[in-house]
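Q: Could you take a close look at one part of this model for me, the second largest pocket, and then tell me a bit about the packing elsewhere?

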Amino acid sequence: MSQSATVASAPGVKSDIETSTIRAISVRLIPFLVLAYFFSYLDRVNLGFAALTMNAELKFSPLIFAWGAGIFFIGYFLFEVPSNLALEKFGASKWIARIMVTWGIISALMATVSGEWSFYGLRFLLGVAEAGFFPGIILYLTYWYPAEYRARFLAAFAIAVPVSTVIGAPVSGLLLGLDGAMGLKGWQWLFIIEGVPSVLLGIVTWFYLTDRPEHAAWLTPEQKAWLAARLKAETAAKQAASHLTLGEALASSKVIMLSLIYFCFVAALYGMQFWLPQIVKAFGLSNAQTGFVTAIPYLFGTIAMILWARHSDATRERVMHVGLPFVLTAVALGASSYISDPTMTMVVLTVAAIGIFCIFAVFWTLPTAWLSGTAAAGAIALINSIGNLAGFGGPYLIGWIKDSTGSTANGLLALAVLPLIGALLVFLGGHETKVEFEGLGQEAK
């Protein structure tokens with residue numbers, strides 16, 4: 001047994017080669033992927049801010065807005081699995097670049113919306129264009145990170161979601177102030193200015209991303225050898241426990257269960273994401289003030305997500321780290337419906353955001369713990385695509401209830417049921433903890 005392998009397997013102690021390899025990967029990939037996901041998510045949810053002026057100018061009712069917000073996820077659902085399989089076949093650099101360029105163009109074209117049907121059509125096409133990006137990156141990160149590091153670096157990547165609101169909300173609020181510049185409305189400038197960077201970054205992606213560790217000129221031969229040995233051991237452990245074909249993975253009861261859990265998560269995430277700006281605006285704030293106040297829950301959610309994911313990796317525990325935040329989210333969303341004071345409303349919605357983002361990164365360790373290869377590519381995409389159907393259902397539920405009762409709070413109360421169901425499913429489903437971390441011991445042998 002080599003000295004480095006022995007040290008690598010000792011709890012809490014890392015060899016020099018392990019530390020240097022993980023650092024090199026993280027410095028090279030994580031900042032770039034965070035930036036890409038930042039614009040991906042911003043271009044998906046900036047509709048919530050555009051609605052502050054667009055809805056009135058185009059005479060969109062709450063129900064029309066809810067349909068437009070949600071129809072994105074129908075296109076997303078239909079093309080998610082084929083897109084992720086294409087990434088596995090053609091490589092991350094080319095396929096992620098394709099996704100980013102097309103979604104950036106369509107996002108900017110949202111500035112041409114002139115009525116209900118052009119609104120629905122472009123939102124649907126945006127979903128088609130973006131399908132495969134998020135599950136593709138989840139799959140891509142499994143090529144580079146052993147299980148022991150996965151939650152914290154999934155969290156580092158997923159930090160783009162809350163940060164896109166922490167930064168994007170104030171920026172979006174300010175962009176609405178460009179109303180009338182060069183004959184365009186403020187909401188049109190918002191879509192154009194926030195869509196163009198995705199196109200430019202997509203072109204850079206083609207040349208910057210490395211598809212697999214064995215192709216990484218920026219890793220030393222020793223670093224490649226260590227990473228290959230660790231990942232090979234983990235893959236062997238997964239296949240020994242359950243070697244699934246693509247078809248078997250897609251039909252697996254575990255995958256269906258995880259899809260339902262993710263559905264509950266996404267419903268809470270987007271239900272709040274699309275409607276929070278309008279909830280805050282109703283406090284009597286200006287568009288710019290609304291942007292800054294909306295960012296508060298996401299700032300706290302960002303910090304909590306990183307700390308919670310690190311704790312999950314350190315304790316090698318997943319179920320409680322997903323289930324408990326679900327419960328917290330359900331309680332906070334339910335409580336928000338009974339509160340009318342603006343300050344207290346923001347406090348409980350901040351608690352809800354903390355719960356939502358603590359779920360996010362740790363959840364994705366559940367399927368990646370026991371899936372590998374093409375089965376992982378298809379299953380991860382299926383989980384994400386079924387889960388993201390809630391991106392239609394969550395905003396639509398709130399819009400329908402608001403249209404019927406005049407109250408967004410009642411919609412949040414109904415929405416609170418789903419994270420509660422998610423918590424129950426997590427506790428019932430359990431986790432393949434032994435399989436996830438068994439490769440660490442095998443690599444040292």
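A: Here is a walk through that pocket, followed by the core and one buried residue. Keep in mind that this is a predicted model.

Start with the pocket. The second largest pocket has a volume of about 250 Å³. Its lining is made up of 14 residues, and those closest to the centre are Ile-279, Ala-282, Ser-407, Thr-408 and Ala-409. Three elements each give two or more residues to this lining: α13, α16 (342-363) and α20 (408-415). Of these, α20 has the largest share, with three residues. As for chemistry, the lining splits into seven nonpolar residues, six polar ones and one charged.

Now for the core. The largest nonpolar core has 140 residues, and the members touching the most others are Phe-119, Trp-144, Phe-360 and Trp-364. Helix α13 (residues 253-281) supplies the largest share of this core, 17 residues. That helix turns up in the pocket lining too. If you zoom in on Phe-360 and skip its neighbours within four places in sequence, you'll find it in contact with Tyr-37, Phe-134, Ala-158, Val-161, Tyr-262, Phe-265 and Met-305.

Last stop, Thr-21, which sits in helix α2 (residues 16-45). Its relative accessible area is 0%, and because the cut-off for buried is under 20%, Thr-21 counts as buried. Leaving out residues up to four places away in sequence, Thr-21 touches Leu-219, Gln-223, Trp-226 and Leu-227.

Definitions and conventions:
Residues numbered from 1 in each chain as written. Predicted model: local features only at pLDDT ≥ 70, side-chain atom pairs only at ≥ 80, totals over all residues. Heavy atoms only, no water. Core = buried A, V, L, I, M, F, W, Y, C linked by side-chain atoms within 4.5 Å. Buried < 20%, exposed > 50% of the residue type's maximum accessible area, 1.4 Å probe, protein only. Helix = DSSP H or I, 4+ residues; strand = E, 2+ residues; numbered from the N terminus. Contact = heavy atoms within 4.5 Å. 1 Å grid on protein atoms, 1.4 Å probe; cavity = no way out; pocket = protein on both sides within 12 Å on 5 of 7 lines; lining within 4 Å. Points joined across faces, edges and corners; volume = space filled by probe spheres on them. Nonpolar A, V, L, I, M, F, W, Y, C, P; charged D, E, K, R; others polar.
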